[in-house]
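Me: Please take a close look at a single part of this structure. I would like the open sheet of four strands, with its pairing, its salt bridges and its surface.

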Amino acid sequence: MSLEITKVTARIGARVSGVDITRPLAPEEVAAIREALNVHKALVFDAGGLDDAGQQAFARHFGDLTTAHPTVGAVDGAPNVLPVDSERGRANHWHTDVTFVLNPPQASTLRSITVPPYGGETLIANAAAAYRDLPEPLRRLADTLWAEHTNDYDYAVPDEEIDEEKAAQRAQFTSITYRTAHPVVRVHPLTGERGLFIGGFAQRIVGLSVGESRRILDLFQAYVTRPENILRHRWAENELVLFDNRITQHYAIDNYDGRPRRLHRVTVAGDVPVGIEGKESYSIEGDASHYTPVLAAA
């Protein structure tokens with residue numbers, strides 16, 4: 001096996017070479033990639049020659065696929081592929097994918113389709129490193145907290161920029177309301193690492209007011225987004241990034257002057273999050289069974 005892993009930063013990110021992801025992978029290649037993902041949280045691959053079908057086949061090496069999104073439409077003819085298109089909104093807000101459902105995706109793949117001539121980077125943050133950075137009193141506090149995650153707002157479009165088209169996009173995004181309570185500190189089922197499981201869909205700490213919740217969530221979020229914990233990936237044509245959605249957050253920078261930018265996203269179904277005391281997340285509102293199967297806990 002000629003697979004090589006090259007670190008990109010000290011705390012997050014690696015480039016994978018010596019593997020052709022356009023073809024079926026051998027079991028030992030899948031195992032090596034999974035181990036690299038556990039360690040580095042985000043992996044970059046050459047995706048030359050990869051199409052939508054190939055991206056789905058690659059992602060299936062790691063588990064069953066979700067459909068594109070619980071409420072947003074897929075690429076025509078590819079129900080598992082979500083177009084991440086600058087014309088449909090810009091996710092310039094820190095988030096972990098689809099945490100408003102009971103079992104968010106375990107992993108996400110993004111593949112570059114149209115890359116602007118400048119800007120358009122994706123930031124990916126290591127939420128395990130953020131947890132380790134917390135002073136002991138804040139770690140003890142975080143360990144006890146649960147947060148309610150919801151899609152009942154559009155994280156990609158500021159209110160002041162809502163026009164008729166964007167209002168329609170927002171209505172689609174929230175056409176089914178989801179609310180789920182997750183532990184603020186999630187235990188990774190494969191590595192046992194603890195990570196801050198918050199991000200833009202986390203709107204309220206269970207038992208606290210919205211205002212109190214915002215102060216606490218912002219405090220924890222500041223540790224997630226420390227520069228030392230972030231991979232800033234500048235997209236080239238025909239690249240694929242695989243990241244661990246259980247222990248990262250990401251942000252698409254809107255710094256490309258409205259030039260076309262399009263990625264395709266395919267996500268792998270995940271397990272129900274578990275906190276440090278072994279308690280599982282619970283659904284408050286919304287059935288996502290049409291979107292994702294539930295992965296058995298590792």
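Reply: What follows covers that sheet, then sets the other sheet beside it.

The model is predicted. The open sheet of four strands has the order 11-7-8-16. Its pairing is antiparallel. Strand 11 (202-205) and strand 16 stand at the edges. Each has a single partner strand, so one side of each is left without a neighbour in the sheet. Neighbouring strands here are turned by 30° against each other on average, direction ignored.

Take the pairing of strand 7 with strand 11. Strand 7 covers residues 146-150. Three bridges join strand 7 to strand 11, and the two run antiparallel. One pair can be named: His149 has Ala202 in strand 11 as its bridge partner.

Now the charged side chains. Glu148 and Arg179 meet in a salt bridge, 3.2 Å from N to O. Glu148 lies in strand 7 and Arg179 in strand 8 (residues 179-183), so this pair ties together parts that are 31 residues apart in sequence. Glu148 is buried, because its relative accessible area is 11%, under the 20% cut-off. Arg179 has 21% and is partly exposed.

Arg179 also meets Asp152 in a salt bridge, at 3.0 Å from N to O. Asp152 sits in the loop between strand 7 and helix 5 (164-173), 27 residues from Arg179 in sequence. At 39% relative accessibility, Asp152 counts as partly exposed. The network goes further. Salt bridges that share partners join Glu148, Asp152, Arg179, Arg204 and Glu285. The whole structure holds 21 salt bridges.

Next, the surface. Val206, Tyr282 and Ile284 form a nonpolar patch there. Together they have about 230 Å² of accessible area. Ile284 belongs to strand 16, which spans residues 282-285. Its relative accessibility is 44%, so Ile284 counts as partly exposed.

Now the other sheet. This open sheet has seven strands in the order 1-2-3-13-5-15-4, with mixed pairing. Strand 1 (4-7) and strand 4 (82-85) are the edge strands, and each pairs on one side only. Neighbouring strands are turned by 25° against each other on average, direction ignored. Seven bridges join strand 5 (residues 107-114) to strand 15 (residues 262-268), and the two run antiparallel. In strand 15, Val268 is the bridge partner of Ala107. Helix 2 (residues 52-60) packs on this sheet and touches strand 3, strand 5, strand 13 and strand 15. The direction of helix 2 makes about 30° with that of strand 15. Helix 1 (residues 27-40) lies across strand 1, strand 2 (14-17), strand 3 (42-46) and strand 13. Helix 1 runs at about 135° to strand 3.

A salt bridge is found in this sheet as well. Glu239 pairs with Arg15, the closest N and O atoms being 3.1 Å apart. Glu239 is in strand 13 and Arg15 in strand 2, 224 residues apart. Glu239 is buried, with a relative accessible area of 8%, whereas Arg15 is partly exposed at 36%.

One residue beside strand 13 completes the view. Ile247 is in the loop between strand 13 (239-244) and strand 14 (248-252). At 2% relative accessibility, Ile247 counts as buried. Beyond its neighbours within four places in sequence, Ile247 is in contact with residues including Lys41, Ala125, His188 and Glu193. For a link back to the patch region, Ile247 and Ser283 are 20 Å apart, C-alpha to C-alpha.

Technical notes
Residues are numbered from 1 along each chain as its sequence is written. This is a predicted model: local features need pLDDT of at least 70, side-chain atom pairs count only at pLDDT 80 or more; totals for chains, interfaces and linings use all residues. Side-chain values use heavy atoms; hydrogens and water are left out. Patches are made of residues with over 30% relative accessible area and no salt bridge: like charges are joined within 9 Å, nonpolar side chains (Val, Leu, Ile, Met, Phe, Trp, Tyr) within 5 Å. Accessible areas come from the Shrake-Rupley method with a 1.4 Å probe; for residues, only the protein chains shown count as cover. A salt bridge is a side-chain nitrogen of Lys or Arg within 4 Å of a carboxyl oxygen of Asp or Glu. Buried means under 20% relative accessible area, exposed over 50%, partly exposed in between (1.4 Å probe, protein chains only). Contact means heavy atoms within 4.5 Å. Two strands pair if DSSP finds at least two bridges between them. Axes are lines fitted to C-alpha atoms, for helices over the stretch in contact, and angles run from 0 to 180 degrees between N-to-C directions.
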